[in-house]
Amino acid sequence: PQDTGLVLCFPLLLGLSLVCWENVTLGGPSTSELLRAERSPPGSGKLRKLRQGNRRHQCRLHSLTVKVRELGLGYDSDEIVRFRYCSGSCQHTRTNYDLSLSRLLQQHAIVPGPHDRPSSHPCCRPTRYETFSFMDVNSAWQTASQISASRCGCVG
């Protein structure tokens, strides 16, 4: 027997968002599975493409190879390391707080001071870092921590 019409969802990025598949068929291949596209609501393929496109802009980890001295931390070394950083949008994780604060700022109900800048949206930041070691120009080993990201998430 086959079950059709199920929706399966799995958490992504520490459970902050879900990815879902609609009209999942359990069991082996069947005629009904082959005709799943005909049973799907009109435009559902378009929606799936939009979701995939949005994922490309969501908060994620990127990497770049650089010399240690280019990191700007005062280390004199020609060694090359992989610097990993976070970037992308966190619009999908906005809370009621973020929406309310944004609205109140737009209505000028909250007027920030010259050194105040309330943030009405979460930002993409490292949630875990890597430590790496390298040799400086004096042949001494150095260890740098909390520089390169190992995991990203929407914070704030």
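A search of the whole structure, which is a predicted model, turns up 3 disulfides. A pair of cysteine sulfur atoms counts as a disulfide within 2.5 Å, and each of the pairs described below can be checked against that cut-off.

Consider Cys 59 and Cys 124 to begin with. Their sulfur atoms lie 2.1 Å from each other, and a disulfide joins the two residues. The torsion about this S-S bond is about 75 degrees, so the disulfide of Cys 59 and Cys 124 is right-handed. Cys 59 sits in the loop between α3 (44-57) and β3 (60-67), while Cys 124 belongs to strand β5 (residues 123-135); the pair therefore ties together parts that are 65 residues apart in sequence. As for their surroundings, Cys 59 and Cys 124 are both buried.

Strand β6 comes up in the next two links. In one of them, Cys 86 is joined to Cys 152, with 2.0 Å between the sulfur atoms. Here the angle about the S-S bond is -85 degrees, and the link is left-handed. Cys 86 is part of strand β4 (residues 80-87) and Cys 152 is part of strand β6 (residues 141-155), so this disulfide ties together parts that are 66 residues apart in sequence. Cys 86 is buried, as is Cys 152.

The other link runs from Cys 90 to Cys 154, with an S to S distance of 2.2 Å. It is left-handed, with -90 degrees about the S-S bond. This pair connects distant parts of the chain: Cys 90 is found in the loop between β4 and α4 (96-106), Cys 154 is found in strand β6, and 64 residues separate them. Both of these cysteines, Cys 90 and Cys 154, are buried.

What about Cys 123, and which cysteine sulfur is closest to its own? That sulfur belongs to Cys 90, and it lies 6.7 Å from the sulfur of Cys 123, which is too far for a bond. A disulfide needs the two sulfur atoms to be within 2.5 Å. Cys 123 has a relative accessibility of 36% and therefore counts as partly exposed, whereas Cys 90 is buried.

The loop that holds Cys 90 lies between β4 and α4, and helix α4 deserves a look of its own. Its buried residues are Asp 98, Leu 101 and Ser 102. These residues cover an arc of only 100 degrees around the axis, so they lie on the same side of α4. After α4 comes His 108, which has a positive phi, near 60 degrees.

How values were computed. Residues are numbered from 1 along each chain as its sequence is written. This is a predicted model: local features need pLDDT of at least 70, side-chain atom pairs count only at pLDDT 80 or more; totals for chains, interfaces and linings use all residues. Side-chain values use heavy atoms; hydrogens and water are left out. Helices (H or I, at least four residues) and strands (E, at least two) are DSSP runs, numbered from the N terminus. Buried means under 20% relative accessible area, exposed over 50%, partly exposed in between (1.4 Å probe, protein chains only). The arc is that of the directions from the helix axis to the C-beta atoms.
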